[in-house]
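Colleague: Could you take me through this model? I would like to begin with how its parts pack together.

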Amino acid sequence: MYLYNSATHKKQEFTTHTPGRVEMYTCGPTVYHFAHIGNLRSYIMEDVLEKYLRYAGYDVNRVMNITDVGHLASDADTGEDKMLKGARREHKTVMEIAQFYTDAFFEDCRKLNIKTPDVVQPATGLIDEFIRVIQALQEKGYAYFAGGNVYFDTSKLERYYIFNDHDEEDLAVGVREGVEEDLNKRNKNDFVLWFTKSKFEDQALKWDSPWGVGYPGWHIECSCISMKYNGEYLDLHCGGVDNAFPHHTNEIAQSESYLGHPWCGQWFHVHHLNTNTGKMSKSKGEFLTVSLLEEKGYDPLVYRFFCLQSHYRKALVFSWENLDNAAVTWRKLIDRIAALNPDDGPVDEAVKAKYEEHFRTVMGNDLNTAQGVTCLYDALKAKTNGATRLAILDSFDQVLSLSLLEKAAEQRRKKAEQAKNARTSGGYTVTGEGDPAIDALVLARGEAKKAKNFAEADRIRNELKAQGIEITDIPGGATWKRV
Ligand code: AMP
Ligand code: ZN
């Protein structure tokens with residue numbers, strides 16, 4: 001597979017430390033609020049990547065943290081603790097907030113067909129490990145104690161900026177607007193490994209440590225959780241592009257200083273979901289959730305489909321109009337799949353293998369999901385029987401996870417149900433959701449139309465409309481549904 005690597009700034013062949021096995025790490029959610037659909041864009045694309053690697057034959061060990069402590073509002077070491085902010089907003093304890101939003105996150109993932117990683121580790125469950133690594137960093141001379149906190153000393157590194165597509169000055173902490181400088185820091189980019197001097201009087205979560213009672217910095221959790229569950233060599237690290245600096249940069253600094261050798265070979269960053277007013281973010285307070293999409297009548301998988309239609313390395317603009325377009329395309333796609341006959345003969349394995357090879361090639365080219373979606377249409381047009389086309393679609397769906405065959409089967413069942421409920425009179429057939437009283441009225445409307453009694457036909461249509469029933473004329477009759 002070829003993947004763009006943000007650490008080398010080029011697309012390159014993906015390799016692993018142990019042949020055939022991928023150690024994969026994903027930065028998990030900060031659980032002080034619902035995940036917004038921007039966060040979930042990142043998790044959808046990472047899920048597709050994991051499933052593609054498995055499809056391509058790799059054995060994958062995927063690890064993810066849950067940030068339930070230490071993530072301050074600025075992503076650096078200043079601002080308010082995000083968890084505390086959530087707890088105060090809802091008059092609950094930090095742990096109650098963490099549990100509630102962790103459950104909510106996995107519920108959203110379930111609705112979007114995002115697989116739960118093999119290991120999920122909340123940061124608060126591994127504090128001893130963080131302390132052990134911080135101590136080791138101090139012993140090796142990479143960390144210092146100042147003003148009550150332990151800092152990582154970035155001047156000890158040969159190279160700090162890894163993802164430096166950016167302007168150094170813009171990235172420097174303390175230079176950024178609204179971020180106050182911490183005078184304990186020896187170098188502008190040093191960052192906190194352990195806090196004992198909290199600016200928050202009501203800091204709820206605190207642990208004993210060699211440096212006093214306190215809590216860990218945000219960056220150390222991902223390094224430690226990955227090193228514990230992925231081992232010393234990480235093959236693939238994922239996250240949203242906003243995590244590249246300072247979070248991932250600091251993860252590399254800590255992990256490589258601790259291990260004494262290169263740590264992670266491949267960095268995969270998903271670009272942002274934006275609205276017309278900029279990046280969607282939790283801290284802005286106004287954001288879209290999966291539940292909101294459902295309330296508005298969208299199947300969450302329409303959002304997944306919308307995400308797959310564009311490349312992960314391009315910003316994606318969300319608008320209701322764009323989502324509606326995806327919904328229409330999705331509905332037509334499911335209808336076309338539903339129209340295939342699953343029982344029209346044996347699956348032609350040779351044809352299937354040919355289509356799979358093409359799918360592997362396009363997806364293996366920096367995870368080109370838009371072309372992966374095009375492969376679905378190619379499969380629909382394949383010169384073979386329905387059973388083979390369905391088997392090909394099912395195969396692609398192991399990676400795309402759009403529940404295509406389930407949705408199509410549902411559609412087929414609905415159509416069969418409607419056909420069963422069809423009522424025919426004088427060559428005019430009514431199909432609908434299976435209510436004889438409504439069928440009879442729709443039939444009466446058909447008869448009125450035939451007799452050119454349009455006033456009566458309109459009266460019946462309006463009567464049904466008032467009951468929330470919509471009639472659509474089709475060749476040889478009409479069909480109805482509740483709207
Ligand atoms: P957080 O819960 O804030 O720690 O973020 C969880 C994940 O979502 C991280 O990988 C972020 O980089 C990513 N993320 C945050 N905002 C967006 C966005 N607007 N679009 C895509 N990914 C995002
Ligand atoms: Zn992380």
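Modeller: This is a predicted model. Domain 1 and domain 2 bury about 2400 Å² between them, with 62% of that area on carbon and sulfur atoms.

Colleague: Which three residues supply the most of the area that domain 1 buries against domain 2?

Modeller: Arg41, Tyr52 and Tyr55 supply 31% of the area that domain 1 buries there, more than any other three residues.

Colleague: And where are the domain bounds?

Modeller: Domain 1 covers residues 2-270, domain 2 covers 292-415 and domain 3 covers 422-482. In the contact between domain 1 and domain 2, 23 residues come from domain 1 and 32 residues from domain 2. The C-alpha centres of these two domains are 34 Å apart.

Colleague: Let us turn to the metal. Which residues coordinate the zinc ion (ligand 2)?

Modeller: The donors are Cys27 through SG, Cys222 through SG and His247 through NE2, at 2.0 to 2.2 Å. Their spacing in sequence is C-x194-C-x24-H.

Colleague: What does the pair Cys27 and His247 tie together?

Modeller: Cys27 is in the loop between β3 (21-26) and α1 (37-55), whereas His247 belongs to helix α7 (residues 244-259), so the pair links parts that are 220 residues apart in sequence.

Colleague: Is Cys27 buried or exposed? And His247, buried or exposed?

Modeller: Cys27 counts as buried because its relative accessibility is 6%. His247 also counts as buried, at 0% relative accessibility.

Colleague: Now helix α10. What span should its 19 residues have?

Modeller: At 1.5 Å a residue, helix α10 (residues 320-338) should span 27 Å, and its end C-alpha atoms are 26 Å apart, which agrees.

Colleague: Which residues of α10 are buried?

Modeller: They are Leu323, Ala326, Ala327, Trp330, Leu333, Ile334, Ile337 and Ala338. These residues cover an arc of only 130 degrees around the axis, so they lie on the same side of α10. On the other side of α10, Glu321 and Lys332 are exposed.

Colleague: What covers the buried residues of α10?

Modeller: The covering elements include α8 (290-295), α9 (300-308), α12 (369-381), α13 (386-400) and α14 (404-420).

Colleague: One last residue, His358. Where does it lie, and in which helix?

Modeller: His358 is in helix α11 (residues 349-363). His358 is partly exposed, with a relative accessible area of 42%.

Colleague: Which residues does His358 touch, not counting those up to four places away in sequence?

Modeller: His358 touches Cys375 and Asp378. The C-alpha atoms of His358 and Cys375 are separated by 8.1 Å, and the two residues are 17 residues apart along the chain.

Key. Residues are numbered from 1 along each chain as its sequence is written. Chains are lettered from A and ligands numbered from 1 in the order in which they are written. This is a predicted model: local features need pLDDT of at least 70, side-chain atom pairs count only at pLDDT 80 or more; totals for chains, interfaces and linings use all residues. Side-chain values use heavy atoms; hydrogens and water are left out. Helices (H or I, at least four residues) and strands (E, at least two) are DSSP runs, numbered from the N terminus. The expected span of a helix is 1.5 Å times one less than its number of residues. Buried means under 20% relative accessible area, exposed over 50%, partly exposed in between (1.4 Å probe, protein chains only). The arc is that of the directions from the helix axis to the C-beta atoms. Contact means heavy atoms within 4.5 Å. Donors are N, O and S atoms within 2.8 Å of the metal (3.2 Å for Na, K and Ca); water is not among the atoms, so sites may look incomplete. Domain bounds come from an automatic or database domain assignment. Buried area is the accessible area (1.4 Å probe) that two parts lose on being put together, summed over both.
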